[in-house]
Amino acid sequence: MQKLFLADISTATHLNIKNKLENNDYIYVTGGNTFFLLQEMNGKALTTPFLKEP
């Protein structure tokens, strides 16, 4: 398992980010504009992994 993954949500591909979100136990987000982050995640349909039932 990869220990650390850094990504720029505005330039990373949908598949790359989706893969990292689905295959890691922990996600740590720091700094920046949370509204921009949410906008980019919604635009790339990346909020769905967070809405799945366990």
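This report walks through the fold, the core and the charged side chains of the structure above.

The model is predicted, so local features need pLDDT of at least 70 and side-chain atom pairs count only at pLDDT 80 or more, while totals for chains, interfaces and linings use all residues. Residues are numbered from 1 along each chain as its sequence is written, and side-chain values use heavy atoms, leaving out hydrogens and water.

**Overall fold**

The protein has three helices and zero strands, in the order α-α-α along the sequence. Helices here are DSSP runs (H or I, at least four residues), strands are E runs of at least two, and both are numbered from the N terminus. Of the 54 residues, 17% are buried; buried means under 20% relative accessible area, exposed over 50%, and partly exposed in between, with a 1.4 Å probe and protein chains only. Contacts are heavy atoms within 4.5 Å. Among those between residues at least 6 apart in sequence, 57% join residues at least 24 apart.

**The core**

The largest nonpolar core consists of Ile9, Ala12, Ile17, Leu21, Met41 and Leu46. Such a core is a set of buried Ala, Val, Leu, Ile, Met, Phe, Trp, Tyr and Cys residues joined through side-chain atoms within 4.5 Å. Leaving aside neighbours within four places in sequence, leucine 46 is in contact with Ile9, His14, Ile17, Lys18, Leu21 and Met41.

**Charged side chains**

Now for the charges. The structure holds one salt bridge, meaning a side-chain nitrogen of Lys or Arg within 4 Å of a carboxyl oxygen of Asp or Glu. Glutamate 22 and lysine 18 form a salt bridge, and both sit in helix 1 (residues 14-22), four residues apart, about one turn of the helix. Glutamate 40 and lysine 44 are each buried without a salt bridge, as the table shows.

| Pair | Distance | Salt bridge |
|---|---|---|
| Glutamate 22 and lysine 18 | 3.9 Å (closest N and O atoms) | yes |
| Glutamate 40 and lysine 44 | 4.4 Å (nearest side chain of opposite charge) | no |

Glutamate 22 counts as partly exposed at 38% relative accessibility, and lysine 18 is partly exposed too, at 32%.

Where do the two buried residues sit? Glutamate 40 belongs to helix 2 (residues 34-43), whereas lysine 44 is in the loop between helix 2 and helix 3 (48-51). Not counting residues up to four places away in sequence, glutamate 40 touches Ile9 and Ser10; on that same basis, lysine 44 touches Ile9, Ser10, Thr11, Ala12 and His14. A polar atom of the lysine 44 side chain also lies 2.6 Å from the backbone oxygen of alanine 12.

Conventions:
Lys, Arg positive; Asp, Glu negative; His and termini not counted. Polar contact = N/O pair within 3.5 Å; in protein donor to acceptor, adjacent residues only side chain to side chain.
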